[in-house]
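This report covers a ligand site, a pair of domains and three individual residues. Please keep the sequence and the 3D view side by side while reading.

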Amino acid sequence: MNLQVKSFKEYQDVYDYSVIEPEKFWAEIAENFLWRKKWDRVLDWNFTEPNIKWFSGAKFNITENCLDRHLDTLGDKPAIIWESNDPEENHRILTYKQLHQKVCQFAHVLQNNGAKKGDRICIYMPMVPELAIAVLACARIGAIHSVVFGGFSAQSIADRIIDAECNVVITADGGFRGNKETPLKTVIDDALVQCRSVKKVIVLTRSRTPVSMLKGRDVWWEDEIKKVETSGQSDFPAVETDAEDMLFILYTSGSTGKPKGVVHTCGGYMVYTGYTFANVFQYQPGEVHFCTADIGWITGHSYIVYGPLSQGATALMFEGIPTWPDAGRMWDVVQKHKVNILYTAPTAIRSLMSFGDKPLEGKDLSSLTKLGSVGEPINEEAWHWFDDKIGRKKCPIADTWWQTENGGHMISPICNVTPTKPGYATLPLPGIQPVLVDENGKVIEGNGVSGNLCIKFPWPGMLRTTYGDHERCRTTYFATYENMYFTGDGCLRDEDGYYKITGRVDDVLNVSGHRIGTAEVENAINMHSDVVESAVVGYPHDIKGQGVYAYVVCPNMHNDDELTRKDITMTVSRIIGPIAKPDKIQFVSGLPKTRSGKIMRRILRKIAEGETSNLGDTSTLLDPAIVEEIKEGAL
Ligand code: PRX
């Protein structure tokens, strides 16, 4: 079966087939990939344990699909185009041959430094091609990568390294993003004070900031590559993996304080990202695909690295941010590299929209043919601006709904196939069976309804477990509703059967498309020496989608309010990272609690949203007067 459907009628037929004959459907999709040995069974599953296996028995290596198989036909074509943060710095192009060679070299480096199949390797790097090379080299030797986004603190990195028991860390001296420089190696050094499992740190030169280098532990990337070159090590035959071997761990926030390591496996993830990339974006040979996400997030894993490369596509990788040195930068990048597909986030669109039309003047966006959005609900105003100003009303917008746990797009228009509707993720891709359920787990049938979004049948890209804690995977995703994967999202299905995601129904915030657990932020705030307790909720934010609003009980402040606010913010930065900093901190003398001690977040959410009347029933509160105080002090 072709990975791409070409008409809406074909979509409907293929969709029906995928529901009636899911195993046949996925086996036919998987035929499009390169296997050393085909699977013994397409699918084994139950959602109770859960136990999900796709294509088990199949032997292959994902990098042979992403690199080797393209060498004869696309060897001299660009695999990665890299654009620097600094507009003055030359861009870099890596052809498939060059990327293959560099991945092989770095696979040798990993092996020379003691890494082997099954090891966990933490990657904390800036958005440079070497990040993609590091990821692919891990996959080539069968090691499991755990990429940590550059905006996380030393403590967060340490937690992740300890949880996964990583033995190797790959980092850089520092990284650039806009006008900021992050001292990545120093952050790693701080993290490693706590991490006994790490034996080697491989450090790439990027910012040339001074760094400490410990003999026996720390080595320079460039020196290690030189050793490989002088010793004549060149090709690195890919290590054979089973379809169900782990490919990577990616940590994501949930409703408890501790982030969980979502585990994806080699075979299903490859098939799913390759399939969704080809189909949703209707990728055509030669097109330049620009996904603005960081490889530190799932979007970067799936739609900068694995999806595009398995399809022989050209992926543009951008080190910088859309608004630096000015709000025209993204459009300069599109123009310079004649980008065809632009895949970005609503928060970036809203931020660029806020600068008006001026940054667009004189920019040639005529190369664009397809647009995509991901990470959070896109409001209609932003959708229309994207459609009108960027797509010039000629480009379909794929509003792709999916999650870290899903591996790839789940509900999304297929470009030029599915009629779109502003703000709607539209229809499930073939192979995906969404259902809406009420609080009691009863499936809500028909159209013009809303409920909690679940998926009732497995798909190859779904998570298999949460690293080191399978029970957590079960309780988080498979225990809320029997025999279903629960997404944590609310959703409506309109009269046409189109899906619109309305946002999280759990205690997870979505700030600028980044998932942040309220419990995680509360834990960090509570670590400040003056804080007794806190409650964190989201509130609507014009650019970020949601902002972080913290109610903090701090009866004996050491400093004045303003300074304490800054100290609390700093504490959150230290514990989690700058991405989780509260936007607003309101000091309160107590939190609204029920007699059983449960915080009434509903009330706090309403106050944060600016609602002062209509707070609902407050009679069950232990101390209703506290609500009045909080209302009066609302920010
Ligand atoms: O609430 C949904 C929202 O982002 C959550 C997943 O976050 P994360 O795992 O970090 O992955 C983001 C990138 C895939 C979802 O539970 N979300 C993601 N895409 C959309 C969305 N909400 C509405 N529309 C979308 N297109």
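Ala, Val, Leu, Ile, Met, Phe, Trp, Tyr, Cys and Pro count here as nonpolar, Asp, Glu, Lys and Arg as charged, and the others, Gly among them, as polar. On that basis the shell around the ligand holds six nonpolar, six polar and five charged residues.

The model is predicted: local features need pLDDT of at least 70, side-chain atom pairs count only at pLDDT 80 or more, and totals for chains, interfaces and linings use all residues. Residues are numbered from 1 along each chain as its sequence is written, and side-chain values use heavy atoms, with hydrogens and water left out.

**Ligand site**

There are 17 residues around the ligand. A residue is near the ligand if one of its heavy atoms lies within 4 Å of it. Asp 399, Thr 400, Thr 404, Asp 489 and Arg 515 come nearest.

Three of the polar contacts are tabulated below. A polar contact is a pair of N or O atoms within 3.5 Å; within protein, one must be able to donate a hydrogen and the other to accept it, and residues adjacent in sequence count only if both atoms are side-chain atoms.

| Ligand atom | Protein partner | Distance |
|---|---|---|
| nitrogen | Thr 400, polar backbone atom | 2.8 Å |
| oxygen | Thr 404, side-chain N or O atom | 2.6 Å |
| oxygen | Asp 489, polar side-chain atom | 2.6 Å |

How much of the ligand does the protein bury? Taken alone, the ligand exposes 540 Å², and the protein buries 95% of that. Accessible areas come from the Shrake-Rupley method with a 1.4 Å probe; for residues, only the protein chains shown count as cover.

The elements that give two or more residues to the shell are α11 (298–310), β20 (397–400) and β25 (499–504). Helices (H or I, at least four residues) and strands (E, at least two) are DSSP runs, numbered from the N terminus.

**Domains**

The protein is divided into domain 1 (8–450) and domain 2 (508–632). These bounds come from an automatic or database domain assignment. The C-alpha centres of the two domains lie 33 Å apart. Across the boundary, 24 residues of domain 1 are in contact with 22 residues of domain 2. Contact means heavy atoms within 4.5 Å.

**Three residues**

Is Asp 218 buried or exposed? Asp 218 counts as buried because its relative accessibility is 8%. Buried means under 20% relative accessible area, exposed over 50%, partly exposed in between (1.4 Å probe, protein chains only). Asp 218 is found in strand β12 (residues 218–220). Its side chain makes a polar contact of 2.8 Å with that of Lys 185. Another, of 2.6 Å, joins it to the side chain of Arg 217. Beyond its neighbours within four places in sequence, Asp 218 is in contact with Lys 185, Asp 189, Val 201, Ser 212 and Met 213.

Lys 199 lies in the loop between α8 (184–192) and β11 (200–204). Its relative accessibility is 53%, so Lys 199 counts as exposed. The Lys 199 side chain reaches the backbone oxygen of Arg 196 at 3.1 Å. Not counting residues up to four places away in sequence, Lys 199 touches Asn 167, Gly 216 and Arg 217.

Lys 593 is found in the loop between β30 (584–588) and α18 (601–608). At 22% relative accessibility, this lysine counts as partly exposed. With residues up to four places away in sequence set aside, Lys 593 touches Glu 533, Lys 598, Ile 599, Thr 620, Leu 621 and Leu 622.
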